[in-house]
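Trainee: I would like to go through this model with you, one question at a time. Please give the reasoning before each result.

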Amino acid sequence: MLVLTFLYLSASGQPGEISNLRNVIKQQQQQKNYEKDTSYLLNIAKLAHLYYSLNADSIFYYANLSLKLSKQIGYQKGIAEGLRQLGNANMLTGDRPQALACYQQSLDAAVKIPDKLLECYALSNIGLLYLDMKKFDEALPYNQKAYNMAKEVNDSVRLAGEMNNLGEIYAGLGQYDTAINYQRQALQMAHYLNNEYYEAYLADDMGNMLISTGKYAEALTYLRKAAAYYQKTNDRLGLTTSNLSIAKVYREQQKNDSAIAAAQLSLRLAEELKSKQNITDAARLLADIYEARGNTQSALQFLHLYTQYSDSLFNEETQKKLFELQIKYKYEREEARLKETQAKKDLENSQKLQGQRMQIIIAGLIILMLFILVMALNKSRVDKQKNNRLLQRMNTEILQQKEALEIQASKLERANAHKDKLFSTLAHDLRGPFVSLQSLLKLLNQGNLPAGQEKAIFSKLGENVDYTVNLINNLLNWSSGQIKGTTVKPVTLNIHAVVSDSINGIETTAQEKGITLHNATPGDINVFADADMVYAILRNLLSNAVKFCSTGDTITVEAEAVDGMAQICVRDTGTGITPDIMQKINKGESVTTYGTSKEKGTGLGLLLCKDFAERNNGRLWVKSHAGEGSSFYFTLKTVDQA
């Protein structure tokens, strides 16, 4: 089934519309600082999509211009629209990866604004790209969401378009009853809105859907209606797709002359538009029709055009088909000639058997030589198939290696960005305490320490020094593991004993804040892990819990054995974690926040805990809601599984 690319847009690029919009743009260009006028930027983007059915170069020019000017003034709506139209241009010329990248960036910009209608358009574009690739299961969620969003913003025209898109997808999935139901609803809505544009294009899609179900006469009625509208509005893209579909109907009805005329018109228009997909489809159809008629020369001509617009693998398969077609044609022609010659010789031999023995022998030798030739050609074909399979495997391996390298590069880029941000934060956090110490030393040296404030100043200084020492310890532990790798030295540990020791180390601080600590771990769970790392994890998690609890709150440590792993939980009834902080934690970013008594964290504790848990074949995660406390979980291998 043909995917109609007009649904990437919301309006048809009629010459009158283009002329009127260009006049408006010229008037705007007479104004001072017109390049910063947001209505001017949106008009440039609109002009790009009006050219969609007419000229690919114009789409690229105006889409890039709109995007460039919008970025200069930070106009997010203009950026979203410029990216979307640039995606449409790449889609038309066959660059699907670049089109998908533009659509995804447009969707991100629309979500940030936020603009529901722009978000709906971008979702629809992505879904239709997957539909064009015949990845129907991947297209469905995008277009279903776009459909729901069109209903939410009450855009009837967009809703009709999304009904049509869903019809295309369900047809691709083989659910034709559902597909036709969506298509009829879309047609009814377009008719109700008195929108000739959508009514024509939806009729085009309905025709294609009916072709898939074998209802050719009914399909032709819809397709002719669409083609008439395209002819009236000089919509070359619409004429391209509708004539190709009409050609398919004629071919099924054995009207080959009419099929060839319609397909050739479609091909000519597709070449004018530089639409690679439509050129490929029209050339493929013409090759099939001519081959069915026995016109091998014309079939080969269109197959050659088809190969020029296919990817490398498809080119290889098509060249193989061309070679087979050439061999088939030569062999059948030679075979027919031999049969005719043999028939004549048989007739002559029946009349002059005695005098024609030598001719029979010669004919036999000729047949034998031809048989050897055919066998040689067949062996050559088999060897070529083997080479094709080898090339395919090599291409697959190269693509897999390329994908792995790209994933690794992406991970390294994210890790470097994360570390840059982390060390920037650490530099700032380390500077504060030392600046305070420097100021205090100056006051002491000059004898200007305020009377009666010594205790408070030294108390605050002590807090800063404790914070700095804790930060440096965590930083040393974390950086050691990141740079050269920390050696894990596992031993058998009793979880209840380790938790008791860790609680004793934090108990004084907890009592000062009026917080109750509970060790609810059973005494029979033993793990095989690095002792220093396990103590570091518990120390950091308990310190975090105390920091975010207030008087009367409780911190409980629990443990249970699950599928050969010990699952330890540090649960508190404190302030909990806000959604934005949870999002950063889940992304593995460093987070620096203040506790209930204005205690400042180092930002490295959770990173260190996560790293140590993973080095001991476990993992760490958190569950929390603001105002409802937090639960930090980590796992370690039990002794019987080590």
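Trainee: Where is the place of proline 114?

Mentor: First, the ground rules: this is a predicted model, in which local features need pLDDT of at least 70 and side-chain atom pairs count only at pLDDT 80 or more, while totals for chains, interfaces and linings use all residues. Residues are numbered from 1 along each chain as its sequence is written, and side-chain values use heavy atoms, with hydrogens and water left out. Helices (H or I, at least four residues) and strands (E, at least two) are DSSP runs, numbered from the N terminus. On that numbering, proline 114 sits in the loop between helix 5 (96-112) and helix 6 (116-132).

Trainee: Is the peptide bond from isoleucine 113 to proline 114 cis or trans?

Mentor: Omega decides this. For the bond from isoleucine 113 to proline 114 omega is near -10°, and the bond is cis.

Trainee: Is asparagine 154 buried or exposed?

Mentor: Asparagine 154 lies in the loop between helix 7 and helix 8 (156-172), and its phi is near 60°, a positive value in a residue other than glycine. Buried means under 20% relative accessible area, exposed over 50%, and partly exposed in between (1.4 Å probe, protein chains only). Because its relative accessible area is 65%, asparagine 154 is exposed.

Trainee: Which residue with a positive phi lies in the loop between helix 6 and helix 7?

Mentor: Phi near 65° is a positive value in a residue other than glycine, and lysine 134 has it. The residue in the loop between helix 6 and helix 7 (136-152) is lysine 134.

Trainee: Which residues are in contact with threonine 240, leaving aside its neighbours within four places in sequence?

Mentor: Threonine 240 belongs to helix 12 (residues 236-252). With a relative accessible area of 1%, threonine 240 is buried. Contact means heavy atoms within 4.5 Å. Leaving aside neighbours within four places in sequence, the partners of threonine 240 are Ser266, Leu269, Ala270, Leu273 and Asn278.

Trainee: How far are the C-alpha atoms of leucine 21 and leucine 50 separated, and what is the value in Å?

Mentor: Leucine 21 lies in helix 1 (residues 15-28) and is buried, at 9% relative accessible area. Leaving aside neighbours within four places in sequence, leucine 21 is in contact with Asn43, Lys46, Leu47 and Leu50. Leucine 21 and leucine 50 are 29 residues apart along the chain, and their C-alpha atoms are separated by 9.5 Å.

Trainee: Which helix gives the most to the largest nonpolar core?

Mentor: A nonpolar core is a set of buried Ala, Val, Leu, Ile, Met, Phe, Trp, Tyr and Cys residues joined through side-chain atoms within 4.5 Å. The largest has 76 residues, and Met163, Ile246, Leu267 and Leu286 have the most contacts inside it. With ten residues, the element that gives the most to this core is helix 10 (residues 196-212).

Trainee: How many residues does the other core have?

Mentor: Another core lies apart from the largest one. Among its residues are Ile495, Val534, Leu538 and Phe634. Its count is 41 residues.

Trainee: Which residues of helix 22 are buried?

Mentor: Helix 22 covers residues 605-615 and is followed by asparagine 617, whose phi is positive, near 65°. The buried residues of helix 22 are Gly605, Leu607, Leu608, Cys609, Asp611, Phe612 and Ala613.
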